[in-house]
Structures are given as C-alpha cells and as structure tokens.
Amino acid sequence: LLVPSRPDVSTWLGWLALLAMMIFLAPSFAFFGEPNYQRWRWLHRLAALAVIAALAHTFLLARTLPPAANAIIWLVLSAGAIASVAYRLVFARRVGRLPYAVESIAAPAGNVVELTLRPMGRHLGYVAGQFVYLTPYDESLAAGYREEHPYTLTSAPGEPALRVAIKDLGDATHAMQSITPASEVRIEGPYGAFFPRSESGEPELWIAGGIGLAPFLGRLRDLAARNRRIDAHLVYCVQDETRAHFRSELEQLVSRIPGAVLTMHYFYRQGPLDARFLLQHCRDFVRRHAYVCGPEPLLERAQAILAGAGVARRRIVTEELTLL
C-alpha cells in the first residue's frame, strides 16, 4: 500500500514528499525515544526535499485553474521554496555567519559557563531576549565541532562583545564547558522576539527556570546599561541555592533598575511554584503581562497558574528550552 500503483511522475513525487516528511518528523514522536540532536539535525534537511517534491506534485496535478494562471502560481511558490532552502543551506550558513573569537570564559555555576565573544569583523546587531546559532571551530572539542546549536544572548545589545550562557545538557554543551580561549566560533542570527520591540511601560511578570534566566539576564543588563526603569517582577525558580546562576549579579542589577524586583523560588525548600507563592510576593501578578522561560514542566505549571488566576492567554509569552 505504500508503493504508488500509478507509474506517472506526479504520483511518485507525491509519494517521495510523503516519505521524506515521515522520516524527518519521526524523531518528534515519543515512540522513537529521546531525540538525538545530531540525528534530528541531519534528518531535518529532508524537509527541503519534501517541500520541493510536494510543490512539483501539486503543480502537475492541478486542474482547477487555467493553465497560464496555474503555471504562474506554482512557479512563484516553487521559486519561493527553493530560495528559502538556498538561503538556509547556503547563504545563512556561509555568508550569513559572523566570525567571533572566544575572549573569556566565566563559570557562574558548576554546570554552566558564560562565553564572552569578541567580533573578528562586523558586530552582530540584536535586541535583548533574542537567540543565535553558534558553531564552534575548536578542533579539540570532544563533541560539537562545526555543529550549530541555539543559545540565547545574555549580553546587552550595547556591549562591544556577545555573551551566551551554556548549560551542560548533552554531549555538545558538555564539550563547550571547556572550549579553548581564543578559538573561533561563527554566529548566525539573531532570531526570535521574546520581548516586545517597544517598551510600553506595562507591568510585567517574569518567571524563569534554570538556564531559562538567559533572556531576562540580557534584558536586565540592557536596562541597567541604559539607565532605564521598568515595572517588572522576576521570579527565578531553581532547585536550591547551588543552582541559582548569576544570583549575585541579578541582585546588583535590580538594585540599579528602578521598578525591578527579584524573588527567588527554591523547589527543595518551597515545593513547586503555585499561585499562593506568586500572590505572596507579587500581589498584582494577575494584571501583569507574563513572560515565562525554562524547561517544559515549569512552562506547563506557570501557564496553568496564570490561566487559573484569570490571566488571558494573549498576555502570556513562553519560550521552551527543549530540542523539539
């Protein structure tokens, strides 16, 4: 049943598109076990083949439009698809990557490093809360050499260098804990829009879990550097005091930013985050625009708490730190 019964090209193209899509989507299903980043990264390239084959399939079978209109529409769609694939696989990976050098390595915690990256040419422009794809060219790395991974920028946009915090979560991120100083990395981006581009002055609630602190750290550094105020309450959720990355700097930053407040939540001491804790430390959290970043369990819990308290879904922005 999986093999086309008709021998024409259009049917085979449709079958090829379906097969390619099934293969590159397979790692996203729990049936296949914990996803492997390297395998997923290579399989995901089949998405380009699936898109092109599907467009050719539908073009050959289209019968609802006049031939001239049909040709124009599908040629435009095909050109757009091919241009997107070419940009991602050729331009973005080669021309669109900026060279940086590892200037320094800080270790705010036992399983986290923050790299400071000095531009070797043009400096990347970005806004607080965005992320980049970082590709290391350090041949001494045990894993991850010339392999891109996404990391949220923790530096302020006005800084002369970039900073990224990397937590030891797998083979590549473990190797990055001991990357060689002065080695080259390539930066592609920036991507994402976690925070709004314009500051509305609306009160905000920030909920961070573990390394999910990264976008909030970058924004606090930016606000402090520009001497700006903000009505924002950061609830930083960690297991215990030893996992509170950047806590001392956070305390210094909020002391310099009018309107900024920091509350620590320790799971081992206070249990899971709940509405009572939020109400105790941030009584008006229901009227605030909420931003949540961290692992999936925290995101699910935070969204349930906020929705249960009456916060509209459109006022909750989340960013999940998982592979797929």
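**Exercise 1. Find the residue in E11 that stands opposite Val292, then describe how the two strands pair.**

Step 1. Val292 stands opposite Thr318 in E11. This is a predicted model.

Step 2. Now look at the strands. Strand E10 covers residues 289-294, and E10 and E11 pair in the parallel sense. Five bridges hold this pairing.

**Exercise 2. Write the strand order of the open sheet of five strands, and name its edges.**

Step 1. The order is E9-E8-E7-E10-E11, and the pairing is parallel.

Step 2. Read off the edges: E9 and strand E11 (316-320). Each has a single partner strand, so one side of each is left without a neighbour in the sheet.

Step 3. Add the twist. From one strand to the next, it averages 15 degrees.

**Exercise 3. Follow the chain from E8 to E9 and give the handedness of the crossover.**

Step 1. E8 and E9 run parallel, joined by seven bridges. One residue to locate is Val235, which stands opposite Thr263 in E9.

Step 2. Trace the path. The chain leaves E8, passes through H7 and reaches E9. This β-α-β crossover is right-handed.

Step 3. Check how covered E9 is. Six of its seven residues are buried, so "mostly covered" is the right description.

**Exercise 4. Decide which residues of helix H7 are buried and which are exposed, and explain the pattern.**

Step 1. H7 spans residues 247-256. Leu250, Leu253 and Val254 are buried there.

Step 2. Look down the axis of H7. Its buried residues fall within an arc of 95 degrees, so they line one face of the helix.

Step 3. Turn to the face away from the buried side. Ser248, Gln252, Ser255 and Arg256 are exposed there.

Step 4. Ask what covers the buried residues of H7. The cover includes helix H6 (214-225), strand E8 (232-238) and strand E9 (260-266).

**Exercise 5. Describe how H6 and H7 lie on the sheet.**

Step 1. Take H6. This helix lies across strand E7 (204-209), E8 and E10. H6 runs at about 130 degrees to E7.

Step 2. Take H7. This helix packs on the sheet and touches E8 and E9. The direction of H7 makes about 155 degrees with that of E9.

**Exercise 6. Give the strand order of the open sheet of six strands, then work through its pairs.**

Step 1. The order is E4-E3-E6-E1-E2-E5, with antiparallel pairing.

Step 2. E4 and strand E5 (162-167) are the edge strands, since each pairs on one side only. The twist averages 40 degrees from one strand to the next.

Step 3. Begin the pairs at E4. Four bridges join E3 to E4, and the two run antiparallel. Tyr133 stands opposite Pro150 in E4.

Step 4. Move to E3 and E6. Five bridges link them in the antiparallel sense. Thr135 stands opposite Arg186 in E6.

Step 5. Go on to strand E1 (residues 98-109) and strand E6 (residues 184-191). They pair in the antiparallel sense over four bridges. The bridge partner of Leu98 in E6 is Ile187.

**Exercise 7. Place Glu147 in the chain and say whether Glu147 is buried or exposed.**

Step 1. Glu147 sits in the loop between strand E3 (131-136) and strand E4 (149-152).

Step 2. The relative accessible area of Glu147 is 9%. Buried means under 20%, so Glu147 is buried.

Step 3. Find a side-chain partner. The side chain of Glu147 makes a polar contact with the side chain of His149, at 2.7 Å.

Technical notes
Residues numbered from 1 in each chain as written. Predicted model: local features only at pLDDT ≥ 70, side-chain atom pairs only at ≥ 80, totals over all residues. Heavy atoms only, no water. Buried < 20%, exposed > 50% of the residue type's maximum accessible area, 1.4 Å probe, protein only. Polar contact = N/O pair within 3.5 Å; in protein donor to acceptor, adjacent residues only side chain to side chain. Pairing = 2+ DSSP bridges. Axes fitted to C-alpha atoms, helices over the stretch in contact; angles between N-to-C directions. Arc of directions from axis to C-beta. Contact = heavy atoms within 4.5 Å. Right-handed = clockwise from strand over helix to strand, strands pointing away.
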